[in-house]
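User: I'm new to reading protein structures and would love some help. Could you pick a single part of this one and walk me through it slowly?

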Amino acid sequence: QVRLVESGGGLVQAGGSLRLSCVASGSISSINRMAWYRQAPGKQRELVATISSGGSTTSADSVTGRFTISRDNAKNTVSLQMNSLKPEDTAVYYCNADIVSYYNRNIYWGQGTQVTVSS
């Protein structure tokens with residue numbers, strides 16, 4: 001079974017940096033779009049950033065200039081470098097990927113990793 005495993009969450013002071021990583025494993029033929037989402041308590045899950053198989057990226061206005069998404073296709077990994085963190089960035093961050101496995105295309109989610117930014 002395809003699975004996504006995240007790491008890198010933790011507690012950081014405002015203005016600090018954190019790097020999240022997510023590795024996809026299992027029987028994978030190809031990975032299309034990969035993305036990071038986040039969900040704060042009492043809020044809807046929101047899209048943070050995306051990266052295509054070719055490396056094109058998008059990011060939410062609230063994080064543009066501070067967060068950078070990247071991927072390593074050889075390692076089936078997607079990362080999110082978060083700089084100049086703000087308390088409002090506090091949320092559970094989820095890895096997401098559009099993956100083809102045995103000719104079946106599905107969206108997969110990681111388990112989520114907590115990011116807490118103190119003021």
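Analyst: Let's begin with the sulfurs: counting a disulfide as a pair of cysteine sulfur atoms within 2.5 Å, we get one disulfide. It runs between cysteine 22 and cysteine 95, with the two S atoms 2.1 Å apart. The torsion about that S-S bond is about -80 degrees, so this disulfide is left-handed. Cysteine 22 sits in strand S3 and cysteine 95 in strand S9 (residues 91-101), so the link ties together parts that are 73 residues apart in sequence. (Strands here are DSSP runs of E with at least two residues, numbered from the N terminus.)

Before going on, a quick word on what you're looking at. This is a predicted model, where local features need pLDDT of at least 70 and side-chain atom pairs count only at pLDDT 80 or more, while totals for chains, interfaces and linings use all residues. Residues are numbered from 1 along each chain as its sequence is written, and side-chain values use heavy atoms, leaving out hydrogens and water.

So, are the two cysteines buried or exposed? Buried means under 20% relative accessible area, exposed means over 50%, and partly exposed is in between, using a 1.4 Å probe and protein chains only. Cysteine 22 has a relative accessible area of 1%, so it's buried. Cysteine 95 comes out at 0%, so it's buried as well.

Now follow cysteine 22 into its strand. S3 has two faces: Leu18, Leu20, Cys22 and Ala24 make up the covered one, while Arg19, Ser21, Val23 and Ser25 are on the uncovered one. S3 also has neighbours. Strands in a sheet pair through backbone hydrogen bonds, either parallel or antiparallel. Here, two strands pair if DSSP finds at least two bridges between them. S1 and S3 (residues 18-25) run antiparallel and are joined by five bridges. In that pairing, glutamate 6 stands opposite our cysteine 22, and leucine 4 has alanine 24 as its bridge partner. S3 also pairs with strand S8 (residues 77-82), again antiparallel, over six bridges. There, leucine 18 faces methionine 82.

Zoom out a little and you'll see the whole sheet: four strands, open, in the order S1-S3-S8-S7, with antiparallel pairing. S1 (3-7) and S7 (67-72) stand at the edges with a single partner strand each, so one side of each has no neighbour in the sheet. From one strand to the next, the twist averages 15 degrees; that angle is taken on a 0 to 180 degree scale between N-to-C directions, with axes as lines fitted to C-alpha atoms.

What does serine 79 touch, leaving aside residues up to four places away in sequence? Contact means heavy atoms within 4.5 Å. By that measure serine 79, which belongs to S8, touches Arg19, Leu20, Ser21, Trp36, Thr68, Ile69 and Ser70. Serine 79 is buried, at 7% relative accessible area. One of its contacts, threonine 68, lies in S7 and is partly exposed at 48%. Threonine 68 in turn touches Ser79, Leu80 and Gln81, with the same four-place limit on sequence neighbours.

Threonine 68 can also point us to one last spot. Its C-alpha atom is 14 Å from that of arginine 38, which is 30 residues away along the chain. Arginine 38 takes part in salt bridges, meaning a side-chain nitrogen of Lys or Arg within 4 Å of a carboxyl oxygen of Asp or Glu. The count is four salt bridges. In one of them, arginine 38 pairs with glutamate 46, the closest N and O atoms being 2.7 Å apart. In another, arginine 38 meets aspartate 89 at 2.9 Å, N to O. Arginine 38 is in strand S4 (residues 30-39) and aspartate 89 is in the loop between S8 and S9, so this pair ties together parts 51 residues apart in sequence. Aspartate 89 also forms a salt bridge with arginine 66, with closest N and O atoms 2.7 Å apart. Through shared partners, Arg38, Glu46, Arg66 and Asp89 join into one network. Aspartate 89 and arginine 66 are both buried, and arginine 38 is buried too, at 6%. Glutamate 46, at 34%, is partly exposed.
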